[in-house]
Amino acid sequence: MTGGLFTLGVIIIGGVDTGWTFYTPYSSTYANTWVILAATGIFINGFSSIATGLNFIVSIHLLRAPGLTWFRLPMFVWTTYATSLIMVLATPVLAVTLGLVAVERIFGGGIFDPAIGGDPLLFQHLFWFYSHPAVYIMILPGMGVVSEIVPCFARKPLFGYGFVAMSGLAIAALGFLVWGHHMFVSGQSIYAGLLFSFLSMLVAIPSAVKVFNWTATLYKGTIFLKTPMLYAMGFIGLFTIGGLTGISLASIGFDMHVHDTYFIVAHFHYIMVGGMVMAFLGGVHFWWPKMTGAIYSEWWGRVSALIVFLGFNLAFFPQFILGYLGNPRRYHAYAEGFQVFHIMSTLGASILGIGYLLPLGYLLWSLKYGRRASRNPWQATGLEWTTPSPPPTHNFGETPTVTGPAYDYPPAHRELVIGEGEPEKN
Amino acid sequence: MSSTSNPTHLIPYDSPSHQRHAAIFGLWVFLVTEILFFGGMIVGYVVYHYEYPEAFREGSRTLNVWAGGAMTAVLLLGSLLIAVAEHLTEEGDRDNSQSWRGTAVWRLAVTACLGVVFLGLEFYEYHELIGEGLFPGSQFARQRFTDLPYSGRAAELFFLMFFCMTGLHAFHMIVGILLVGGIGTAIQRARQPERLGNTLTVIALYWHFVDIVWIFLYPLFYLVR
Amino acid sequence: METSNSQRPLYLAFLGLMVLLAATIGCSFVFSGLLGAMVAMAIATSKMLLVMFIFMDLRRSPSSVRFAACAGFLWLFFAVFCTLADFTTRGWNEVPEKTATRELPTTYDRVEFEN
C-alpha cells in the first residue's frame, strides 16, 4: 500500500520519464523527474513481495495438513511455491540496484555513468536479474490454475503429476539464468549472448512438459466445456504460440531482426494476456462459486470467453506480422503500408475490451441475483471444496486429514451438473 | 484451539519444536534475501574490480588493515557471546532454572556494546576518509590518483563501492544492536524469559549473518593491496 | 561460570576464527593480485562455514534450513557467474583500465576514447 502510494504520488506530481526499465545512465544522471521517489515506492513494494514469498514458502514447508505430502499438493500450491522462490530470490537484487541508482543521483558517483568509468550495462544485468524472473512470477500461478481446471473438467487425474510439479520449479530456476536475452543488442559480449541464448531455449523444455501434460490429461477425458475450461483451453493454445515465438526470439540472429518491434510486443502479450489473463479469468470463474457462494450465468460466461479469445487473437496476431515486417514499437506513428494490420489490431483490442467488461457485469449480477452454490459445485477434488461456499473465517472446523492424491477424479459421469445448495450456517 | 489452552506455542503449530522450526526456517529464508541484497552490490564490486584492478589496489592501500582487523575481531567476539547466551537460554529452558538469566543478559549487553565499538571504529574511519577528500562525488580528491583512468575517477569507484557496501552493512549493524539490546532488556524483565528463546535464536542468526557479511567485506576492501 | 560441554565447540570455533583472521592478514602481505584474492576468499569462506555450522547451528538444523542456506549462495553464484560471462569475454579493448582516456571528459554529452 505505502509503496503503491509513493508510485501513484509520483505519477501525480510529475511522473518519471525513464520508461519502466529505469535504464542508466539516463535515470541516474540525466532524468530530471522523480526517479528517487518512484524507486522508493518500488523498494517498499519489494519488501511486501519478499514478505509474501517468505510467508508462502514457510507455510508450504511447515503448515501442510496431516497426510498432505509434497506430492499430494494441489498444483496451484506447487506453482505458488515456485513463484515465491522467485520473489524471495530476485526482488532483493532489484532493491539494491535501485538503491545504487539513488546513491548515484544523490552523491554523483559513477557507478553506472560511462563518462566517469562506470558501466551502464551493469545496471541492465542487475535489473534483468530481477525483471526476467518477474515475468515467471506472473505466469507460474496461471499455469497452476490451468493445472487445477483441466483435470476437473476432463474428469481425469492430471497426467504426469510429478513432472508438472518439477517443471514449475525448473522454470523458476532456469528463469534466473536467461536474463541476458533482453540484452542481445545492448553491447554485451557475444559469447555471453550465446550462453544466454542457449539457456533461454532450455526454458522451453519445462514449459513444453507442462503443455504436453495438459494435453495428455485431456486425451480420452470426458471433457465438459464449462466457462473455466474454455479459458483454460484458450490458455493452452495461446501460451503455446507465445512460447514457440519465445524460442525463436531466443536465437540471437532472429532477435537482432525483430528486436524492439511489434513482434516482441505480440510475443509478450501472448504469454501475459493470452496466458496469464486467460488463466486469471479461468481461475476467477472456477473459484467464483467458492469465493462468493454465487453461481454466475454459464451462458454469458461462455460467450465472454469466446469473445476474449477471438478479440485477443485479432488484436495481437497481426502484431507478429507487423513486427516481422519491421514496425518498431514505442513509436506513435507507423508507415502507411502497415495500416491494415494496425486497424485489425485496434478492432481486436476493442472486442477484447468488451470481453473483459462482460464478466464484470454478470459476475457482479450473480452476487445478488445468482443461484446459490453448493459446497462443491464442480464436483472437484481438493480441500477447499469441502468447506461451505463462501468459506467461513475459520476455514475448517477441525484440521482435515488428506488420505489420497490430488486430482483423484472418479470415473466420468455423463453429465457435470453445477451443484447448487442453500447457504450454510456455521 | 485457543492460545490459552496451549501456552507454549501459537495456534497453527502442532508443538513448540514445530514453531521453533518455522521461526528458524523463516529467518533463514529472510537471510537468503539478504544474501542477494548484498549480492547485487557484490556483483558490482566483482565487475569493477575486474575492470579496474589497479584502481582497487590503490584504493585499498589508503585503508587501515589493522583497524579493519580489529573491527573483525570485535564483531567475531560479539558473535561468540551471543551464541553462548543462546546456548545458556536453551539449557536454562531444559533445566527449568532461572540462574542462566543474568549471565545471558550480561553477554547480550556486551555483544551490543561491541557492536557500538565496531560502529565507532567504522565511523571514525569514514571521518578520516572524508577528511582526506575520498568521499565519492564532485569533491573527490582525484588528484591523488592521476595515474589511474579517467583522471583518477576509477579510484572513486572503489570508494563508492566501499561506502555503499560498508554503509549498508553499518545500517544492518544498527538494526542488529537495537535488536540485541531489545532482547537483552526483554529477557531481563520477562516473567517467563525461557519463552523468548525463539526470538533470541532468530536475532542471533541475524547477528551472525551480519558478521558473515563483514567477514567478506574485510578482505574485499582492506586486503586487495 | 564453568564452561559446560555443549559450549566448548563455540569457544573452539572462536579460536579458529581468530587464527584465520591472523592468517588472512598475514597472507595479504605475502600474496597479491589474483592469487591473493583467491587466498583471501578461501579463508573468508572457511570463516563463514565456521560461523554458519557452529554459531548458527547449521550442523543440527533440519534439512529445509540447510537447503535454504545453499539456495542463497547458489543464486549469488548465478548472478556473479552470468554477469562475468559478459564482462570477461567482451574483448573489445580488454579491460577499460588499460585503454580508457586519462583525461576527465569536459562534457557529459559525449565521451571520446583515445584509440
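I began with the contact between chains A and C of this predicted model, and I noted that 16 residues of chain A and 13 residues of chain C take part in the contact. On the side of chain A that touches chain C, I found that H4, helix H5 (120-154) and helix H7 (190-218) of chain A each supply at least two residues, and that H7(A) gives the most, with 3 residues. Sorting the residues of that side by class, I got 10 nonpolar, 6 polar and no charged.

Next I looked at H4(A) against chain B. The axes of H4(A) and helix H1 (residues 16-51) of chain B come within 8 Å and cross at roughly 40 degrees, and I therefore entered H4(A) and H1(B) as oblique to each other, with a right-handed crossing. From H4(A) I listed Val88(A), Leu89(A), Pro92(A), Val93(A), Ala95(A), Val96(A), Thr97(A) and Leu100(A), which meet Val29(B), Val32(B), Thr33(B), Leu36(B), Phe37(B), Gly39(B), Gly40(B), Met41(B) and Gly44(B) in H1(B). By class, I recorded 12 nonpolar, 5 polar and no charged residues for the contact of H4(A) with H1(B).

Last, I stayed within chain A and checked helix H3 (residues 35-62) against helix H4 (residues 75-107), whose axes come within 8 Å and cross at roughly 155 degrees. Angles over 145 degrees count as roughly antiparallel, and I therefore wrote down H3(A) and H4(A) as roughly antiparallel to each other. I noted the crossing in which H3(A) passes H4(A) as left-handed, and by class I have 21 nonpolar, 7 polar and 1 charged residues in the contact of H3(A) with H4(A).

Methods. Residues are numbered from 1 along each chain as its sequence is written. Chains are lettered from A and ligands numbered from 1 in the order in which they are written. This is a predicted model: local features need pLDDT of at least 70, side-chain atom pairs count only at pLDDT 80 or more; totals for chains, interfaces and linings use all residues. Axes are lines fitted to C-alpha atoms, for helices over the stretch in contact, and angles run from 0 to 180 degrees between N-to-C directions. Helices (H or I, at least four residues) and strands (E, at least two) are DSSP runs, numbered from the N terminus. Angles under 35 degrees count as roughly parallel, over 145 as roughly antiparallel, 65 to 115 as roughly perpendicular and the rest as oblique. A crossing is left-handed if the near helix is turned anticlockwise from the far one by less than a right angle, and right-handed if clockwise. Ala, Val, Leu, Ile, Met, Phe, Trp, Tyr, Cys and Pro count as nonpolar, Asp, Glu, Lys and Arg as charged, and the others, Gly among them, as polar. Two residues are in contact if their C-beta atoms, placed from the backbone, lie within 7 Å.
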